[in-house]
Amino acid sequence: MRGREPAVRDVYNGTVTFLPLEENSEGKCLVKKCNIYQIQLKHIKDEEWSVSVVAPFPEDWFSDGIVYPKLAWLGNELLSKLAKWSVEQKPSEFKSTLSLISVAKYTKVYQDLKEKYKEMVKVWPEVTDPEKFVYEDVAIATYLLILWEEERKEKGLTKKQSFVDLGCGNGLLVHILNNEGEATIIPGDSHLFPDTDWVIGNHSDELTPWIPVIAARSSYSCCYFVLPCCFFDFHGKYSRRQSKKTQYREYLDFVALVGFVCGFHVEEDCLRIPSTKRVSFVGKSRTYPAAEHALIDKQITQFINSRRTCAVPTCDRRVGFNHKDHCGDLCKETGSEPPEDEAETAESLSLREVAEHLNKETLKKLKSEYGGLQTLLKNNHQVFEAFGGKMIIMIGKDVLKVFFNLVASKEYYKIK
């Protein structure tokens with residue numbers, strides 16, 4: 001066994017010493033002395049500090065390129081990054097890691113599952129890196145297991161949640177969750193799952209924006225978890241519209257907006273996985289009473305239809321269909337009729353006409369919180385576009401009111 005590395009922190013001397021462990025033939029864990037290293041932060045004077053990385057036994061250092069890096073990496077890469085991170089004051093555009101669950105509980109469960117499924121690394125049948133993909137799915141499974149355990153405590157449930165993983169790839173995440181006692185639902189002919197507690201989208205590509213829609217329409221109690229990766233809209237590739245944000249952040253805001261339009265309280269979290277796409281969204285509760293389901297369903301349909309003009313039609317050779325043609329079938333199966341005329345997908349309104357759809361209290365909140373209606377519109381290109389002195393509304397008027405109400409109540413900006 002390799003990869004476990006206890007850290008000993010000496011607060012007084014400002015050091016953290018890392019002790020790599022390795023399992024011997026007798027199954028005992030021993031410290032791999034040749035690979036011990038230490039990071040020290042030292043105060044020089046005033047605002048001057050120094051950071052150093054020390055390896056006590058450099059002549060015996062062992063590197064395998066995976067778990068144990070080359071010694072030069074500690075000095076050339078790690079040290080420079082530590083120095084950079086120490087002085088950086090740039091605010092992150094993402095949430096802190098594991099903000100929705102207990103980090104201590106996550107760490108324990110992750111280590112237990114990592115030990116339990118470590119043999120899969122040795123027999124990994126695919127050409128992809130087993131260290132990355134096996135342990136990434138172990139990490140995602142750990143997150144969901146703890147999230148669901150806490151949900152059972154909150155709601156007083158004893159039975160474990162059932163789930164459907166859409167776009168599940170090689171099925172490893174489903175395999176792990178199933179082994180840990182969660183109930184898997186096998187999809188049938190319908191794209192809706194009324195008897196399912198959770199709908200999961202783990203790097204689900206073209207299905208990503210559909211995950212909240214499917215959860216919302218499956219039942220009032222259905223929840224969802226989605227980990228966006230590739231940038232897809234409902235009807236094809238996602239078309240970037242906001243140059244002031246990174247493409248990733250803009251797409252995340254779009255996926256979050258889908259959840260809001262579907263009537264969910266959307267929570268954002270950052271997973272602890274070996275991937276550059278680590279931001280996930282969780283929808284566990286609704287913003288509306290069950291009696292308003294029909295109204296929300298109509299808003300969802302309008303929103304999906306409005307996105308037709310925002311996407312770039314593509315041909316996906318992996319699944320053998322053209323998004324432009326296939327979206328009509330998928331819309332019908334999830335209850336959304338695609339518009340017959342693209343002119344029906346957007347409306348052109350003046351700023352004054354937009355304001356007329358809002359009450360005075362909402363306008364007042366927008367002015368105090370976001371600098372006014374016009375500023376808000378310019379900063380949300382996924383919903384609005386300025387053209388010829390007018391605003392092109394990319395969603396229907398009913399959904400427009402929902403959007404402004406969310407902004408006024410600060411629900412929409414909780415993810416920012």
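Is Ala 83 buried, partly exposed or exposed? I began my notebook with this residue, which lies in helix H1, and I noted that the model I was reading is a predicted one. Ala 83 has a relative accessible area of 34%, so I entered it as partly exposed, since that label covers values from 20% to 50%. I then looked up its distance to Leu 41, and found that the two are 42 residues apart in sequence but 9.9 Å apart in space, C-alpha to C-alpha.

**Entry on helix H1**

I stayed with H1 and asked what its length should be. The helix runs over residues 71–87, and because each residue should add 1.5 Å, its 17 residues should span 24 Å; the C-alpha atoms at its ends are 24 Å apart, which agrees with that expectation. I also looked for a bend, and I recorded a kink of about 30° that is centred on Leu 78. Leu 78 is buried in H1, as are Leu 74 and Leu 82. When I asked what covers the buried residues of this helix, I found that the cover includes strand S5, at 37–45, and strand S6, at 48–54.

**Entry on helix H4**

Next I turned to helix H4, which takes in residues 130–155. At 1.5 Å a residue its 26 residues should span 38 Å, and I found its end C-alpha atoms 37 Å apart, so I wrote down that the two values agree. After the helix comes Gly 156, which has a positive phi near 70°. Within H4 I picked out Thr 142, and I counted this residue as buried because its relative accessibility is 0%. Which residues are in contact with Thr 142, once its neighbours within four places in sequence are left aside? They are Tyr 106, Val 109, Tyr 110 and Leu 113. Of these, I noticed that Tyr 106 has a number that falls within the range of helix H2, 103–116.

**Entry on positive phi values**

I had read that most residues other than glycine have a negative phi, and I therefore searched for residues that depart from this. Leu 98 is one such residue, with a positive phi of about 55° although it is not a glycine. It sits in the loop between H1 and helix H2, and at 2% relative accessibility Leu 98 counts as buried. His 203 also has a positive phi, near 50°, and is likewise a residue other than glycine. I located His 203 in the loop between S9 and H6.

**Entry on Thr 208**

In the loop between strand S9, at 198–202, and H6 I also found Thr 208. Its relative accessibility is 0%, and so I entered Thr 208 as buried. Setting aside the neighbours within four places in sequence, I listed its contacts as Val 226, Pro 228, Tyr 251 and Val 255.

**Entry on the nonpolar cores**

How many residues does the largest nonpolar core have? I found 37, and the residues with the most contacts inside it are Val 213, Tyr 224, Phe 234, Phe 254 and Phe 281. The elements that give two or more residues to this core are helices H6, H7 and H8 together with strands S10, S13 and S14. H7 supplies the largest share of the core, with 10 residues. Apart from this core I found another one, of 34 residues, and among them are Val 134, Ile 140, Phe 163 and Ile 176.

**Entry on cysteines**

My search of the whole structure for disulfides gave 0. Cys 229 is in no disulfide, and the nearest cysteine sulfur, that of Cys 230, is 4.1 Å away. I also looked up Cys 262, which counts as buried because its relative accessibility is 2%.

**Entry on the whole chain**

Last, I read off the totals, and I found 13 helices and 20 strands in the chain. Buried residues make up 44% of its 416 residues. Among contacts between residues at least 6 apart in sequence, 64% join residues at least 24 apart. The mean pLDDT of the chain is 78, and 74% of its residues reach 70 or more. Over residues 386–392 the pLDDT is below 50, and I noted that this stretch has 18 contacts in the model beyond near neighbours in sequence. The pLDDT is also below 50 over residues 411–416, where the model has 26 contacts beyond near neighbours in sequence.

Note on methods: Residues numbered from 1 in each chain as written. Predicted model: local features only at pLDDT ≥ 70, side-chain atom pairs only at ≥ 80, totals over all residues. Heavy atoms only, no water. Helix = DSSP H or I, 4+ residues; strand = E, 2+ residues; numbered from the N terminus. Expected span 1.5 Å × (residues − 1). Bend = angle between axes of the 7 residues up to and from the residue. Buried < 20%, exposed > 50% of the residue type's maximum accessible area, 1.4 Å probe, protein only. Contact = heavy atoms within 4.5 Å. Core = buried A, V, L, I, M, F, W, Y, C linked by side-chain atoms within 4.5 Å. Disulfide = S-S within 2.5 Å. pLDDT = per-residue confidence, 0-100.
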